[in-house]
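The exercises below are meant to be worked with the sequence and the coordinates open side by side. Each one sets a task and then goes through a solution step by step.

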There are 2 protein chains.
Amino acid sequence: MRRAARPEAGGERPVTHRQGAGGSAPAVRRDRMPGPIGLVRRLVFGRPVPTAAGLAHRLPIYLALPVFASDALSSVAYATEEILFVLAAAWALGNAGPATGLLMPVTAAIVVLILIVVNSYRNAVHHYPTSGGSYTVAKHNLGVYPGLTAAAALAIDYVMTVAVSVSAGIAAVTSAYPVLYHYRVELALVGLGLMALVNLRGVKESGWTFALPAYGFIVAIGLVILSSVYHYLCGTIVPVPPAAGAITPIAAVSVLIVLRAFSNGCSAMTGVEAVSNGISAFAPPEARNASRTLAILAGLLVFLFAGVGFSAHVYGVLPSHTETVVSQLARANFGHGFLYSIVAYSTLAILLVAANTSFAGFPRLFSIVSADGYAPRIFTQLGDKLVFNRGIYTLTAVSAVLIVAFHASVNAMIPLYAVGVFLCFTLSQAGMARKLSVDRQRGWQASAAFSAIGAVVTGIVTAVIIQSKFIQGAWVVVVLIPVLVFVGRGIKAHYDWFSSRMRVDPREFSPLRDPAEPLTVITLLSDLNRGALQGLNCAMDIAGERPHTEVRALHVELVPEATERLRERWRRYVEPFVGKHVRLEVVQSPYRWLIPPVLDYVDRMMRERPGTRLVMVIAEFETGNPITHLLHNASARRLYAALRNKPQVMIVTSRFFIRDVGTSQPSQPGSGS
Amino acid sequence: MRRAARPEAGGERPVTHRQGAGGSAPAVRRDRMPGPIGLVRRLVFGRPVPTAAGLAHRLPIYLALPVFASDALSSVAYATEEILFVLAAAWALGNAGPATGLLMPVTAAIVVLILIVVNSYRNAVHHYPTSGGSYTVAKHNLGVYPGLTAAAALAIDYVMTVAVSVSAGIAAVTSAYPVLYHYRVELALVGLGLMALVNLRGVKESGWTFALPAYGFIVAIGLVILSSVYHYLCGTIVPVPPAAGAITPIAAVSVLIVLRAFSNGCSAMTGVEAVSNGISAFAPPEARNASRTLAILAGLLVFLFAGVGFSAHVYGVLPSHTETVVSQLARANFGHGFLYSIVAYSTLAILLVAANTSFAGFPRLFSIVSADGYAPRIFTQLGDKLVFNRGIYTLTAVSAVLIVAFHASVNAMIPLYAVGVFLCFTLSQAGMARKLSVDRQRGWQASAAFSAIGAVVTGIVTAVIIQSKFIQGAWVVVVLIPVLVFVGRGIKAHYDWFSSRMRVDPREFSPLRDPAEPLTVITLLSDLNRGALQGLNCAMDIAGERPHTEVRALHVELVPEATERLRERWRRYVEPFVGKHVRLEVVQSPYRWLIPPVLDYVDRMMRERPGTRLVMVIAEFETGNPITHLLHNASARRLYAALRNKPQVMIVTSRFFIRDVGTSQPSQPGSGS
């Protein structure tokens, strides 16, 4: 049947693929990709989410909180301890025991800093309601390089969070079952894979999956704090005896030591930047919900961090290498019973799911950066589950490399951690301070001053962290950030160049080329087998019967006898059935080269016939088997690669599917290839 | 200019590429490939050799002998020692000292075997004058599997010869300069590369390069022998004192020990099969020259091997782990002077260049096997220096892997060596015995009997070698040979299947398809940029103005606003300038997939318009830089891969060369991609 006229197909009516028979509303029936791969995808990732249903997959506050707060809240599990480790190693003034009496002042200072930073981020979310992350704030207010620096720092920190968090979780498991220690890297990779999988299934699914550990942790630590306060008020505190391996002081306390204790304790803040990078995941009104989430997060964080600090203070807890501060507090309050287990397991759980915050933040960060052109554009595309799946793949891959490279050792990775996040706090605060002082809205002075103070303090913290961990690994981050910034600039420069070249002047549209130009269609003919015949057919199809158009079957002569035989068969079997415009041409190849004579022929054609369009038909064989496929098509691949560099040539690939044809009578003369 | 009529281009006159202006004899001026790669090729490999000049590049006997005899002659350097090592470890009957008195009888037996085997190969060359190797003989007379077994055994042996020979040469160098020992693998790879390079430059060049070491070795060892004979005749022999580390006997001599001494000594024969595999390298008359070379080789081999055996016998040389037998003989005859150095260095040189025999033999063997279809066809193609360069590449690559895997240690590789060559002696002799007894030409009985005896004896030697070296590594060869045979059969089966499918029934030629069938040309249009416009132009070029042919610019809607904008620009800028047959079509993609909607559209087109030919134009961008290239074309690559599986679709690749266009005014509306 010749082409049927399609009376309904006028104009540019959108056509939904697999359109329903005649319905006006496009009935989308196909929601999985075909074949076994499509089936596996469906089973693993679930149903795809239509773009139109996107809003229903946004996160309400009660789901956004566990997703974006896990990282920040999990730091409560170790921040107080970090302060105490530094303080306990120093004598208080007058050598009257360790300097741990400074715990509460240091904690109070950090709480103030947390409030300053969170307030600044709330301002940022308010002013940049679509993407209020540190990258955007720094880029808009400080310039491209600070913006990219913030993005690079954040990206490194997200990756480190995943690697550290998964490794820490597996370390807890292998502490319980030492026989598994040998397989810790494999286990960490499996855990990482599962986490990636849950996130690839969609934002909401990951929200539900990780809500329980987060809320469980809040409740468990809340109980410890309330119990401590109760005992304090009742005067029934029994100080905790020092655990085995407690620290003994070695130096007098100094400003530097207090500063280092403060910097260490600032690890409580890591993670609060995540909300501002994830605004697009919130249900509308996005900015308001994100801002509220930040406020709730700040409240919880201050309550938990200050509460743990207070409890540790009143119980006189000393840090130990064998038992955490939180564990000591839980033991002091609840003994070794059920409630203690709840605290222990929820602490482990929140450390594990802290990685989830990165899975929410990293892909969104990359999508924003790549939308600006500083990262490959493919990161801007949403997957069929409405998540930026390429960002998730990238995060998973890089984290997996880190886990393998560091043998899933938390200690080895820690020095690379936290540099990035404080650098980006600094840039974000500085950016907001500038923004507020330029905009000068009502009451800007206080906000700007707070942001400026935040910038200075977090800047000092950054410097202290870099200084104290430089040799152990922080230098890697210090080197890597400029490299990433440089790469980002390079990508942007390329895309800019690309866009400027690709942009079309509307005046250019009129000279859409004259389609009636003659074609010269060339196909290689090594022998008259079916594959070559299909190539010839393909060439004649393209040539059609338009005027001045020629078809050339080009034979490169390697063995004169074969050429003679081909000529003879061409004369007998092909010539009578094709028009005058189809001809066999033979080029000699004295050095047995295949590609250069073809390229020479093409060049000559272009020289001799300016204005003609050249089409090269490359006939390949599909054996239907990737191994046997390697036994063929070597010349086709080389020819394709060589012709790609000739702008004037259109390359047509015609595949001959060997399995689709029957075997002809073996008595007939003929040949393979 | 529209296509110029070419009055002279009638019929099928062969066109030499870069044909001279009007000469009737095609003036081939271009003899190197274009660009910097072509220049490097020229400098490294030299001028290409025209096919017509092939005969001039064949080897006369005086060059063929060093090429093909190096391997066999080099074994003289160690064969006598191998015998002595076994004999010296056994007490002679009556415990009257070591059993080394059996050296001469064993040597004599091996000489007889050499004569039998060489005679058999001369018969083979006579009967199979184009390729008289063991593979051909075994395949024709014993069947496909014995033939493939011989080929696999030979191939393994060629590779082992290269790896062992190069490693031995480097071991000699690092003995002299121990500081280089740490770099022995790198040095061996460099040596291997140089050897490959010389062979890639052409047969004759390698012949000349390696002639000196071979003839030098013959002369040097000949001098040792003649001097020994002279001293013997004059009665001036002074027995050599045992070198340090001489062997002490531990067991009484037995038949098994004599057999093992015999088998070890048979290593003198390895390499004589090379001539029969290399007939095509000889100047005509090929078979006669090869046969003569074999005779000369046999004479030299017998003279040198028997002479060294005799000299060792009369000097009472005992084997030692610190000094070779040849070195002891040279020292006994010449002291430590100039002549001693000549012997030492020429021995080292011949061991090194023994690898050259493999470079001559392996590619020819592969070309014969692949011409029969048992190996990938590409091995049949002669390179532009008239050598089978792909075989040389393969041999070099596999040898390099072995050198790296075995850390260039000769001792570790030796057990894998010599199994293959004796297995293929056995098969070749057996094949010739059968051939002679079937043909029954005049005087066949003696020849057949000799071949049969040769087959039995070399068969026993094979068994002894496998038995004594099985655990140390010979098992690898025993396992590998059947695997290679199996792979070869599989390749052949595939090519047979392929040929049967590709063969054309002459009656099929008549229904060369009707080229007037309508086309439907589809191109993807994400945006109206220059690349997409070029794709559209390309589609219109292919469509031409033939009847019933349509062009579809297909847009997959991911963002409705972008689609609206595209529609609007299409209506304003494109529609007025194209015919009715060019239309924009939009397909929705609710799940943000790009490829499945396109495939659905293609399927629907094919269903709705049976008989139409579908052409998909894929527009790619060439940035002219392999790194930035990665930032584009991701969708194009995926679409290409997906469409390859649809036999009915012709795929056209249109590359847009970004560097070739200027920048348009930035003030114009437009966009990148």
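**Exercise 1. Find which residues touch the most other members of the largest nonpolar core, and list the contacts of the one in chain A.**

Step 1. In this predicted model, the largest nonpolar core holds 390 residues, and those that touch the most other members are A:V652 and B:V652. As a general background, nonpolar side chains in soluble globular proteins tend to be buried together.

Step 2. Once neighbours within four places in sequence are set aside, the contacts of A:V652 within chain A are A:C538, A:I542, A:V615, A:M616, A:V617 and A:I618. A:V652 is also in contact with B:M650, B:I651 and B:V652 of the other chain.

**Exercise 2. Trace the strand pairing around β7 and β8 of chain B, and state how these strands meet chain A.**

Step 1. Begin with β7(B), residues 613–622, where eight of the 10 residues are buried, so that the strand counts as mostly covered.

Step 2. On one side, β7(B) pairs in the parallel sense with strand β4 of chain B, residues 519–524, over five bridges; here B:I522 stands opposite B:M616.

Step 3. β7(B) also runs parallel to strand β8 of chain B, residues 649–657, to which nine bridges join it. Within this pairing B:V615 stands opposite B:M650, and B:I618 has B:T653 as its bridge partner.

Step 4. β8(B) is mostly covered as well, with eight of its nine residues buried. Three bridges join β8(B) to strand β8 of chain A, and these two strands run antiparallel; the bridge partner of A:I651 in β8(B) is B:T653.

**Exercise 3. Explain why helix α5 of chain A is described as largely enclosed, and name what surrounds it.**

Step 1. Helix α5 of chain A covers residues 134–142, and because seven of its nine residues are buried, the helix is largely enclosed by the rest of the structure. The buried residues are A:S134, A:Y135, A:T136, A:V137, A:A138, A:K139 and A:N141.

Step 2. These buried residues pack against four helices of chain A, namely α4 (103–127), α6 (144–176), α13 (338–371) and α16 (419–439).

Step 3. After α5(A) comes A:G143, whose phi is positive, near 120°.

**Exercise 4. Describe the overall build of chain A, and decide whether it is a compact globule or more spread out.**

Step 1. Chain A contains 23 helices and eight strands. Its radius of gyration is 34 Å, well over the 26 Å that the globule rule gives for 673 residues, so the chain is more spread out than a compact globule.

Step 2. The C-alpha trace of chain A spans about 110 × 65 × 55 Å along its principal axes. The domain assignment gives domain 1 (72–496) and domain 2 (519–660), and the C-alpha centres of these two domains lie 63 Å apart.

**Exercise 5. Judge where the model of chain A calls for caution.**

Step 1. The mean pLDDT of chain A is 83, and 90% of the residues score at least 70, while the model scores ipTM 0.78 and pTM 0.75.

Step 2. Among the elements of chain A, helix α11 (residues 286–315) has the highest mean pLDDT, 93, and strand β1 (residues 15–16) the lowest, 45.

Step 3. pLDDT stays under 50 over residues 1–28 of chain A, and likewise over residues 663–673 of chain A. Where pLDDT is low, the predicted coordinates should not be read in detail.

Key: Residues are numbered from 1 along each chain as its sequence is written. Chains are lettered from A and ligands numbered from 1 in the order in which they are written. This is a predicted model: local features need pLDDT of at least 70, side-chain atom pairs count only at pLDDT 80 or more; totals for chains, interfaces and linings use all residues. Domain bounds come from an automatic or database domain assignment. A residue is buried if 20 or more other C-beta atoms lie within 10 Å of its own, exposed if 12 or fewer, and partly exposed in between; C-beta atoms are placed from the backbone. Two strands pair if DSSP finds at least two bridges between them. A nonpolar core is a set of buried Ala, Val, Leu, Ile, Met, Phe, Trp, Tyr and Cys residues joined through C-beta atoms within 7 Å. Two residues are in contact if their C-beta atoms, placed from the backbone, lie within 7 Å. pLDDT is the predictor's confidence in each residue, from 0 to 100. The radius of gyration is taken over C-alpha atoms; the globule rule is 2.2 Å times the number of residues to the power 0.38.
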